[in-house]
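Okay, thanks for making time, everyone. I'd like to walk you through one model today, mostly by way of its cysteines and strands. Have a look at it first.

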Amino acid sequence: MAEAIHPRPNVTTEVRTTRGEGEERIVDILVCPESLRDQQQDYVGTEESSKSLGTGRSHAVSPPWCPTRAVVVLLGLLSVILLARLLGLAVQHKNDMAQVLLTLKNLTEQRDALLCQEDCPNAWDKFRCKCYRISTEWLSWNESREFCVSQGADLLVVDNKEEMDFISKATSYHDFWLGATDEAREGMWRWVDGTVLSLDNPSWSRGGPVGGEDQNCLVRVSDPNQLKWADASCKEQSRGVCEQNVLK
């Protein structure tokens, strides 16, 4: 039986026609190196297979999406947005806290003003919620403190500049004892209420205490420009300033 004869395709013509059909694609997406390598291997395999078949046809293959990198980029953008939001909240919180502290301070001052209606005893001067008395006798630091304690008070602890200005205006005496000493430990100055007196306080007359172990008590002295503090011998004779808190 005679076999059916089919005409052979014109390979030369097909190859020529195929080679003229070039297609170029520009990929504008994230590409996984591993997937691209696999794709390149597939491309090479396809080309080799085509050559073995005598066709030489090749097909441009678009690289695939890389979902892992896309997720990383997305998470990075979300992190930036979240950080900006947190910074905004921090600034807002700081402003809110400043406003709260200011309101609390005003309320505290108003409360103290209402509670400070009590008058000071005779011979005492009142400033805010405290009463002050300057002794008329010249005594040592320890004797001055004993006098203040006998009056239900103690030597003056300076809390702020306004208080010091008030005391300075209330007396014509340039020198008087204040309630601070470093007798317990040389160089460690403390007020009589236990709080620390900083050596960097700008009220020091010469930038800080300059005396040795024999000058352990705080005195207000006359500075060429203003009244400031200095360390002096506790045995010296001076007037003392007593302080009594109206708020019990």
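So let me start with a question: in which sense do strand 6 and strand 7 pair, and over how many bridges? Before I answer, keep in mind that this is a predicted model. Right, the answer: strand 6 and strand 7 pair in the antiparallel sense, and there are 6 bridges between them.

You can pick out individual partners if you zoom in. R220 stands opposite W229 of strand 7. Also in strand 7, A232 is the residue that C217 stands opposite. Strand 6 has another neighbour as well: strand 4, residues 176-181, is joined to strand 6 by 3 bridges, and those two run antiparallel. There, C217 in strand 6 is the bridge partner of T181. So, one more general reminder for reading this: in a regular strand, side chains alternate between the two faces of the sheet.

How covered are these strands? For strand 6, 5 of the 6 residues are buried, so the rest of the structure largely encloses it. Strand 7 is mostly covered too, with 5 of its 6 residues buried.

Now, C217 came up twice there, and it comes up again with the disulfides. How many disulfides does the model have? The count comes to 3. Let me take them one by one.

The one we're already looking at joins C217 to C234, with the sulfurs 1.9 Å apart. The torsion about its S-S bond is about 95 degrees, so this disulfide is right-handed. C217 sits in strand 6, residues 217-222, while C234 is in the loop between strand 7 (227-232) and strand 8, so the pair ties together parts that lie 17 residues apart in sequence. And both ends, C217 and C234, are buried.

Next is C148 with C242, another disulfide, where the sulfur atoms are 2.0 Å apart. The link of C148 and C242 is left-handed, with -80 degrees about the S-S bond. It connects distant parts of the chain: C148 belongs to helix 4 (residues 141-150) and C242 to strand 8 (residues 239-245), 94 residues apart. Buried or exposed, what are C148 and C242? C148 comes out at 0% relative accessibility, so it counts as buried. C242 is buried as well, again with a relative accessible area of 0%.

Then there's C120 and C131, whose sulfur atoms are 1.9 Å apart in their disulfide. Here the S-S torsion is about -85 degrees, so we're left-handed. C120 is in the loop between helix 3 (67-115) and strand 1 (125-127), C131 is in strand 2 (residues 130-134), and the two are 11 residues apart. On accessibility, C120 is at 16%, and because the cut-off for buried is under 20%, C120 still counts as buried. C131, at 2% relative accessibility, is buried too.

Okay, on to the nonpolar packing. The largest nonpolar core has 17 residues, and those with the most contacts inside it are L178, W191, L197, L218 and W229. You'll recognise W229 as the residue opposite R220. Which elements feed this core? Helix 5 (161-170) and strand 4 each supply at least two of its residues. Strand 4 gives the most, with 3 residues.

Now out to the surface. Which residues form a nonpolar patch there? V71, L74, L75, L78 and I81 do, and together they have about 490 Å² of accessible area. Taking one of them, I81 lies in helix 3, and its relative accessible area is 57%, so I81 is exposed.

Last stop, a loop residue. T136 is placed in the loop between strand 2 and helix 4. Its relative accessibility is 63%, so T136 counts as exposed. Along the chain, T136 and G240 are 104 residues apart, yet their C-alpha atoms are separated by 8.3 Å.

To recap: we have 3 disulfides, strand 6 pairing antiparallel with strand 7 over 6 bridges, a largest nonpolar core of 17 residues, and a nonpolar patch on the surface that includes I81. That's what I had, thanks.

Definitions and conventions:
Residues numbered from 1 in each chain as written. Predicted model: local features only at pLDDT ≥ 70, side-chain atom pairs only at ≥ 80, totals over all residues. Heavy atoms only, no water. Disulfide = S-S within 2.5 Å. Helix = DSSP H or I, 4+ residues; strand = E, 2+ residues; numbered from the N terminus. Buried < 20%, exposed > 50% of the residue type's maximum accessible area, 1.4 Å probe, protein only. Patch = residues over 30% accessible without salt bridge, like charges linked within 9 Å, V, L, I, M, F, W, Y side chains within 5 Å. Areas by Shrake-Rupley, 256 points an atom, 1.4 Å probe, with all protein chains shown as cover. Salt bridge = Lys/Arg side-chain N within 4 Å of Asp/Glu carboxyl O. Pairing = 2+ DSSP bridges. Core = buried A, V, L, I, M, F, W, Y, C linked by side-chain atoms within 4.5 Å.
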